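Reader: I should be grateful for a close look at a single part of this structure. Please treat the packing of one pair of helices, and the residues that meet there, in one connected account.

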Amino acid sequence: VSWAVKSKIVAWSHVQGLYDDFIDDCRVAAGPEKAKSICEDSEDFRLQMNTDQPISMRNYTRLGFKKIKAPAEMFRSIREFWERNRQNNDTEWYSINTYHNMWHAPPTIVNIQLPASGGGPEL
C-alpha cells in the first residue's frame with residue numbers, strides 16, 4: 001500500500017481514507033491544543049523532508065547500498081538473543097508525531113546493548 005510521500009493527496013481513494021483516518025487519529029491522540037503542531041505541522045515537515053532529503057544523499061555504490069548476507073555465526077548469535085529476549089521489549093518512543101502511529105502501536109525495542117540480558121560487546 002502506498003502512503004503519502006510528498007503530498008497529502010494519495011493516488012487511490014481507499015488509501016486516501018486510511019491516510020485521512022491516520023491524521024485524524026493523530027489529532028485525537030495529541031488533543032485539541034497540540035493537534036496542529038504535533039500532527040499537521042510535523043506531517044508538513046515529514047513530507048518536505050521526503051522531498052528534500054533524497055537529493056542531499058551521496059551514494060557510495062551504483063544503487064546506494066550493498067546487500068550482503070550476515071555471517072552465519074553472527075546471525076545465529078543475534079537470532080538466539082532475539083529468541084531469549086523478545087518478550088523483554090521496551091517502548092522506544094512516547095512522543096506523538098506522524099512518523100509512526102504510536103497511539104495504536106507503540107514502537108518497541110529489544111535493547112541488544114544490555115549485558116544483563118546476554119547482549120553488549122560480548123554478543
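Author: The model is predicted, and the account below should be read in that light. A convenient place to begin is alanine 35. Leaving aside its neighbours within four places in sequence, this residue is in contact with Arg27, Ala30 and Glu40. Alanine 35 is located in helix H2. Its relative accessibility is 9%, and alanine 35 therefore counts as buried, the limit being under 20%. Its C-alpha atom lies 22 Å from that of valine 15, a residue 20 places away along the chain.

The contacts of alanine 35 lead to the wider meeting of two helices. On the side of H1, the residues involved are Tyr19, Ile23, Cys26, Arg27 and Ala30. On the side of H2, they are Ala35, Ile38, Cys39, Glu40, Glu43, Arg46 and Leu47. Sorted by class, the contact of H1 with H2 comprises eight nonpolar and four charged residues, with no polar ones.

The geometry of this pair comes next. Two packed helices are described by the angle between their axes and the distance between the axes. For H1 and H2 the angle is about 140°, and the axes are 7 Å apart. Angles over 145 degrees would count as roughly antiparallel. The two helices, H1 and H2, are therefore oblique to each other.

A covalent link also belongs to this region. A disulfide is a covalent bond between the sulfur atoms of two cysteines. Here cysteine 26 is joined to cysteine 39, with an S to S distance of 2.1 Å. Cysteine 26 belongs to helix H1 and cysteine 39 to helix H2, so placed that the pair, 13 residues apart, links distant parts of the chain. The link of cysteine 26 and cysteine 39 is left-handed, with -90° about the S-S bond. Cysteine 26 and cysteine 39 are both buried. The count of disulfides comes to one.

The same cysteines appear in a nonpolar core. The largest nonpolar core has 13 residues, and Cys26 and Cys39 are among those with the most contacts inside it, together with Ala4, Val10, Tyr19, Ile38 and Trp103. Helix H1, spanning 13-30, and helix H2, spanning 35-56, each supply at least two residues of this core. H1 gives the most to the core, with six residues.

Two further residues of the helix contact deserve separate mention. Not counting residues up to four places away in sequence, tyrosine 19 touches Trp3, Ala4, Lys8 and Val10, as well as Glu43, Arg46 and Leu47. Of these, Glu43, Arg46 and Leu47 are listed on the H2 side of the contact with H1. Arginine 46 is itself placed in helix H2. With 10% relative accessibility, arginine 46 counts as buried, because that value is under 20%. Its contacts, leaving aside neighbours within four places in sequence, are Trp3, Ala4, Tyr19, Thr98 and Tyr99. Trp3 and Ala4 are thus touched by tyrosine 19 and are also in contact with arginine 46.

For reference, two residues of helix H3 may be set beside this picture. Serine 77 is in helix H3, which covers residues 72-85, and at 17% relative accessibility serine 77 counts as buried. Serine 77 and leucine 123 are 46 residues apart in sequence, yet 6.8 Å apart in space from C-alpha to C-alpha. Tryptophan 82 also lies in helix H3, but tryptophan 82 is partly exposed, with a relative accessible area of 37%. The C-alpha atoms of tryptophan 82 and isoleucine 109, residues 27 places apart along the chain, are separated by 11 Å.

Key:
Residues are numbered from 1 along each chain as its sequence is written. This is a predicted model: local features need pLDDT of at least 70, side-chain atom pairs count only at pLDDT 80 or more; totals for chains, interfaces and linings use all residues. Side-chain values use heavy atoms; hydrogens and water are left out. A nonpolar core is a set of buried Ala, Val, Leu, Ile, Met, Phe, Trp, Tyr and Cys residues joined through side-chain atoms within 4.5 Å. Buried means under 20% relative accessible area, exposed over 50%, partly exposed in between (1.4 Å probe, protein chains only). Helices (H or I, at least four residues) and strands (E, at least two) are DSSP runs, numbered from the N terminus. Contact means heavy atoms within 4.5 Å. A disulfide is a pair of cysteine sulfur atoms within 2.5 Å. Axes are lines fitted to C-alpha atoms, for helices over the stretch in contact, and angles run from 0 to 180 degrees between N-to-C directions. Angles under 35 degrees count as roughly parallel, over 145 as roughly antiparallel, 65 to 115 as roughly perpendicular and the rest as oblique. Ala, Val, Leu, Ile, Met, Phe, Trp, Tyr, Cys and Pro count as nonpolar, Asp, Glu, Lys and Arg as charged, and the others, Gly among them, as polar.
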